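Thanks for asking me to look this one over. Here are my notes, point by point, to read beside the model.

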Amino acid sequence: MIAAGASSIVPLGVASADQRRADALVALLLGTDEVDAVGSWQGRAPSVQLTVAATTLLGLDDHPGELDGYGPIPAAMARAIAADPTGTWRRLLTDNSGRLLDYGRTTYRPPQPLVDHVIARDRTCRFPGCTRPARRCHIDHQLPWNEHGTTAECNCQCLCSRHHHLKHETGWTVTGHPADDLTWTSPTGHTYRAPPGHYDTPDHEGPPF
Ligand SMILES: [Zn+2]
């Protein structure tokens, strides 16, 4: 079972001219009562983004849904929108605070919650031996965006400016989940391991005297 708050489901693109419920929500989002006028917007259907806990969708609890740009909505309404057959669904990963960590292909630039998470996770540049603080690094897409990489916790890593350029311009490659060991391969085929960011726990710091 998926714990409430640990995972959310977001339907994207819930919009159709003949779905009164979705249209009303679009009108709310756009601040207009002219529902008919937003049937398409610059040739694209407007989209409504709803975040709701999987457990609520399953009817196991009644946590409110979160309508992007509007706020909380009752669980029953969230379930009704979720039942809209014209909606496009994506399952998105959140941290325990409900902050989104996987934006898929919806945005190239990592949103701030993802940036904060990656910086806190990595602590330093993820090139072997580099100690440049993560907060002074770039957020790199391990699999490049133009090769269908995603803007997600599993594909974003901190690299300092020097090593970011090294990766993109000199033939170095890197594999591995950024929360775990990374394996870097040089242009000559040598491999190097880069361990994940590490936090000392009080047990590792010895007695307080
Ligand atoms: Zn570096």
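1. A definition to begin with: two residues are in contact, or touch, if their C-beta atoms, placed from the backbone, lie within 7 Å. Please keep in mind that this is a predicted model, where local features need pLDDT of at least 70, side-chain atom pairs count only at pLDDT 80 or more, and totals for chains, interfaces and linings use all residues. Residues are numbered from 1 along each chain as its sequence is written.

2. Let's start with Thr185, which sits in strand β9; strands (E, at least two residues) and helices (H or I, at least four) are DSSP runs, numbered from the N terminus. Leaving out residues up to four places away in sequence, Thr185 touches Trp172, Thr173 and Thr191. The C-alpha atoms of Thr185 and Trp172 are 5.7 Å apart, although 13 residues separate them along the chain.

3. Is Thr185 buried or exposed? Thr185 counts as partly exposed because it has 14 C-beta neighbours inside 10 Å; buried would take 20 or more other C-beta atoms within 10 Å, exposed 12 or fewer.

4. Now the largest nonpolar core (buried Ala, Val, Leu, Ile, Met, Phe, Trp, Tyr and Cys residues joined through C-beta atoms within 7 Å). It has 17 residues, and Cys125 and Trp184 are among those touching the most other members. Two or more residues each come from α4 (112-122), β7 (156-159) and β9 (182-185), with the largest share, three residues, from β7.

5. For the chain overall, there are five helices and 10 strands, and 23% of the 209 residues count as buried.
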